[in-house]
Amino acid sequence: MNQVKMFLVKYAEIGTKGKNRYVFEEQLCKRLRLRLKPLGEFSVRRDFGRIYVEALSDYDYDEALSRMTKIFGISGLCPVTVSEDLKYDSIKKAVLDHFENWYDEFNFSFKVRTRRNNKAFPINSMQMDMELGHELLVAHEAEGLHVDVHAPSVMLDVEIRDRAYIYSKIIPGPGGLPVGTNGKALSLLSGGIDSPVATYMIGKRGVEMSGVYYNSPPYTSLRALEKVEKLGTIVSQYSGPMKLFVVNFTDIQLAIYDNCPHDELTIIMKRIMFKIAERIAEQEGAQSLVTGESIGQVSSQTMASLSVIDNAVDIPVFRPVIGMDKQEIVNYSEKIGTYETSIEPYEDCCTIFVDKHPVTKPKLETIEKHEKKLVGIIEPLIDKAIETVEVKYLK
């Protein structure tokens with residue numbers, strides 16, 4: 001196969017936008033330029049409901065494809081063959097070259113579908129379908145190529161614009177909306193399976209993601225932090241570069257452990273985590289928090305527990321996997337490539353201090369009453385934790 005010089009970028013949801021569709025298209029173009037910049041020289045342009053990526057230099061095809069198929073907003077990529085000009089013979093040559101380039105055997109059905117966007121072109125779409133179909137049959141009918149207008153194995157699209165743009169393969173992308181079109185959010189990242197999936201899912205809605213991780217040395221190891229960094233880096237392949245805020249949480253956990261009922265440790269600890277995350281979100285201009293909680297998965301994820309935890313902050317908390325069972329979340333993590341890292345055996349700070357019999361139906365007034373024992377103790381610890389946050393850049 002000759003190196004592909006052009007791709008047609010397909011999008012789905014962006015196409016439903018109204019007068020502001022160009023905003024989403026421009027953001028998608030920006031993401032494409034940033035992702036491809038290290039690989040060579042590329043031109044990315046919009047043209048009447050289409051986005052084209054043209055390679056102006058040699059490049060690594062597999063790496064380019066890997067990067068582009070992880071960009072939110074792209075539903076599919078089509079490698080394109082372009083005719084030299086708009087003369088029929090040039091279009092015919094480009095169509096035959098396209099088939100020769102992409103298919104080794106020709107024992108399959110096909111259909112030609114022409115879109116004549118350039119109305120100055122003298123041959124109408126139906127006639128082009130027949131003429132180009134005939135040319136392909138002349139070249140390859142003896143090898144088994146045949147027409148099926150109802151359910152073809154290969155749909156050959158020919159778009160007549162300034163030149164003819166020819167494609168027949170669609171390489172799937174992740175879909176969604178381009179990152180940067182729907183504000184910012186801060187995800188509470190642990191080393192588990194759920195939170196990276198939740199981060200991916202909110203990022204897919206066009207939200208610029210950052211992460212916060214609560215580090216508790218010596219109860220959690222350096223490898224636990226490295227695991228979270230690795231997970232964030234995998235997600236950043238889709239969401240774009242991410243900031244990871246590493247919060248030193250040990251002193252806060254010990255204060256809670258020394259002053260509060262042990263069956264309420266996880267609830268109170270998570271409320272403090274949310275308060276710290278809310279302050280970081282305010283500093284970063286993020287409008288919401290994101291977590292990987294799923295109803296009933298553990299004691300702190302019952303309806304009662306989630307309600308009490310949310311009460312600690314004013315900022316919205318999004319939980320995109322809230323209605324999924326564990327296997328559904330695992331399937332998602334396998335799809336996006338985080339599963340193998342998530343199951344590495346390094347504990348996070350939430351699992352270290354879990355009581356044998358944690359409360360599952362906490363009452364807000366009871367939790368708030370026990371939190372009063374932390375007054376005068378926890379505030380300076382929270383301030384110190386925020387002041388000493390370490391920021392890592394994942395990409």
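At what angle do helix H7 (residues 250–259) and H14 pack, and how far apart are their axes? In this predicted model, the angle between H7 and H14 is about 160°, and their axes lie 9 Å apart. The points below take up this pair, then the packing of H14 with H8, and finally Val 154 and the cysteines.

**Helix H7 with helix H14**

- The angle of about 160° between H7 and H14 is over 145°, the cut-off for this class, and H7 is therefore roughly antiparallel to H14.
- Where H7 passes H14, the crossing is left-handed.
- On the H7 side the contact is made by Asp 251, Ile 252, Ala 255 and Ile 256, while H14 contributes Ile 378, Leu 381, Ile 382, Lys 384 and Ala 385.
- Sorted by character, the residues in the contact of H7 with H14 comprise seven nonpolar and two charged, with no polar residue among them.

**Helix H8 with helix H14**

- Helix H8, which covers residues 265–284, packs with helix H14, residues 378–387, at an angle of about 45°, and the two axes are 11 Å apart.
- H8 and H14 are therefore classed as oblique to each other, and their crossing is right-handed.
- This contact involves Ile 272, Ile 276, Arg 279 and Gln 283 from H8, together with Ile 378, Ile 382, Asp 383 and Ile 386 from H14.
- The residues that form the contact of H8 with H14 divide into five nonpolar, one polar and two charged.
- Ile 378 and Ile 382 of H14 appear in the contact with H7 and also in the contact with H8.

**Val 154 and its surroundings**

- Val 154 belongs to strand S7, which spans residues 154–160, and with a relative accessibility of 8% Val 154 counts as buried.
- Val 154 and Phe 108 are separated by 46 residues in sequence, yet their C-alpha atoms are 7.6 Å apart in space.
- When neighbours within four places in sequence are left aside, Val 154 is in contact with Phe 99, Tyr 103, Phe 108, Ser 109, Phe 110, Lys 111 and Ser 168.

**Cysteines**

- The number of disulfides in the model comes to zero, under a rule that requires two cysteine sulfur atoms within 2.5 Å.
- For Cys 78, the closest cysteine sulfur is that of Cys 29, and because the two sulfurs are 15 Å apart, they are too far from each other for a bond.
- Cys 78 is buried, with a relative accessible area of 0%, and Cys 260 is buried as well, with a relative accessible area of 6%.

Conventions
Residues numbered from 1 in each chain as written. Predicted model: local features only at pLDDT ≥ 70, side-chain atom pairs only at ≥ 80, totals over all residues. Heavy atoms only, no water. Axes fitted to C-alpha atoms, helices over the stretch in contact; angles between N-to-C directions. Helix = DSSP H or I, 4+ residues; strand = E, 2+ residues; numbered from the N terminus. Parallel < 35°, antiparallel > 145°, perpendicular 65-115°, else oblique. Left-handed = near helix turned anticlockwise from the far one by under 90°. Contact = heavy atoms within 4.5 Å. Nonpolar A, V, L, I, M, F, W, Y, C, P; charged D, E, K, R; others polar. Buried < 20%, exposed > 50% of the residue type's maximum accessible area, 1.4 Å probe, protein only.
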